[in-house]
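Please go through the model below with its sequence at hand. The paragraphs after it lead from the overall picture to single residues.

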Amino acid sequence: MRNGQIKERLSKCFGRAGAWLDDLLFPEKVLCLGCESALGEDDEDGICPACRRALDALAAEQETWEKETHDVLPEGIAYVHSAFAYDAQARTLVRLLKYRSIRAAALPLAKGMAMLPAGEEELIVPVPTDERRRKRRGFNQATLIANHLAVMWGMPVLEALVRVRPCAPQTGLNEQQRRENLVDSMAVSMRSVGQIRRKRVLLIDDVYTTGSTAAEAARALLDAGAMSVGILTAARAHIGNGDKEVPFLAQYKHAAAAEKRKKPRNT
Ligand SMILES: [Zn+2]
């Protein structure tokens, strides 16, 4: 049985205790997170030199992609940036984090994100995950990434967003279904509203696919009175047309404008 399969079984059978056993039996300092080859003493963040080069290439690919692709952003969204193209080693790291509860995979992703120019945000808010999945995993992957960024940038993290109803996993749904699955599924918690109002918020997530999750989270933050939202994710899936418009965000813009005409905000 491969290490990966053993890890999966441990986490399936023992949940959080499995993740702990997993760390004990397979200390991540020994094997590369990206390829499971042995690490040298100088290798940082659990990544071997070959995987480091692969991550650098994915970062360069994402940078080029962003230069050539212009997201049409609704009012209130400052920007959308991602550190890596969602492929190869970047995808491996995200999967380790999400499906195998390997916390160490958050650091190399966060370090890639920290290489991007920071905006004028005052506060980091992670995208919330479904409570059931968070319990099974033992953590919210976006919060882990956000916590690393908070240390690197000296910015506060606020888990301001909550899921107000359970949603089916987004995986396997088309864009339309993803959107419908998430409508009004997030809100700013009562105790966080005061800290969100009139703030420039940096929203953090692991992967940006169609943008539906990020857009729903941004909608909740803007509805709670945030001044602006910058969206930063570890990876971005280069799906479909790679054109000049992010369909979901564009649609959100139109819906928000229609809503505003119907019921102007008091603030
Ligand atoms: Zn490697």
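**A guided reading of the model**

The protein has an average pLDDT of 84, and 79% of its residues score at least 70; pLDDT is the predictor's confidence in each residue, from 0 to 100. This is a predicted model, in which local features need a pLDDT of at least 70 and side-chain atom pairs count only at pLDDT 80 or more, while totals for chains, interfaces and linings use all residues. Residue numbers start from 1 along each chain as its sequence is written.

Confidence varies along the chain. The highest mean belongs to β2, at 98, and the lowest to helix α10 (residues 247–262), at 51. Residues 241–248 have a pLDDT below 50, and this stretch makes 15 contacts in the model beyond near neighbours in sequence. Here, two residues are in contact if their C-beta atoms, placed from the backbone, lie within 7 Å.

The secondary structure consists of 10 helices and six strands. Both kinds of element are DSSP runs numbered from the N terminus: helices are H or I with at least four residues, and strands are E with at least two. Of the 267 residues, 40% are buried. A residue is buried if 20 or more other C-beta atoms lie within 10 Å of its own, exposed if 12 or fewer do, and partly exposed in between, with C-beta atoms placed from the backbone. Among contacts between residues at least 6 apart in sequence, 74% join residues at least 24 apart.

Next comes the sheet. Four strands form an open sheet in the order β1-β6-β5-β2, with parallel pairing. Two strands pair if DSSP finds at least two bridges between them. Because β1 (77–85) and β2 (123–126) stand at the edges with a single partner strand each, one side of each has no neighbour in the sheet. From one strand to the next, the twist averages 25°. Strand β5 (residues 200–208) and strand β6 (residues 228–236) are joined in the parallel sense by eight bridges, and Ile 204 has Leu 232 in β6 as its bridge partner.

Helices pack on this sheet. Helix α2 touches β1 and β6, and its direction makes about 145° with that of β1. Helix α9 (residues 212–223) touches β1, β2, β5 and β6, with its direction at about 160° to that of β5. For such values, axes are lines fitted to C-alpha atoms, for helices over the stretch in contact, and angles run from 0 to 180 degrees between N-to-C directions.

The edge strand β2 pairs with β5 in the parallel sense over four bridges, and Ile 124 stands opposite Leu 202 in β5. In a regular strand, side chains alternate between the two faces of the sheet. Both faces of β2 are covered: Leu 123 and Val 125 are buried on one side, and Ile 124 and Pro 126 on the other. Two of these residues, Leu 123 and Ile 124, are touched by Met 155, as is Ala 150, not counting residues up to four places away in sequence. Met 155 is in the loop between α6 (141–153) and β3 (161–163), and it counts as partly exposed because it has 16 C-beta neighbours inside 10 Å.

At the other edge, Val 80 lies in strand β1 and is buried, since 23 other C-beta atoms are within 10 Å. Apart from its neighbours within four places in sequence, Val 80 is in contact with Asp 71, Leu 73, Tyr 208 and Ile 231.

How do two of the helices meet? The axes of α2 (residues 49–68) and α3 (residues 88–99) come within 7 Å and cross at roughly 105°. That makes α2 roughly perpendicular to α3; angles of 65 to 115 degrees count as such, those under 35 as roughly parallel, those over 145 as roughly antiparallel and the rest as oblique. Helix α2 contributes Cys 51, Ala 54, Leu 55 and Leu 58 to the contact, and α3 contributes Ala 88, Gln 89 and Ala 90.

Last is the loop between α1 (3–25) and α2, where Glu 36 is placed. Most residues other than glycine have a negative phi. Glu 36 is not a glycine, yet its phi is positive, about 65°. Asp 45 is in the loop between α1 and α2 too, and its phi is also positive, about 60°. Glu 36 counts as partly exposed because it has 16 C-beta neighbours inside 10 Å, whereas Asp 45, with 20, counts as buried.
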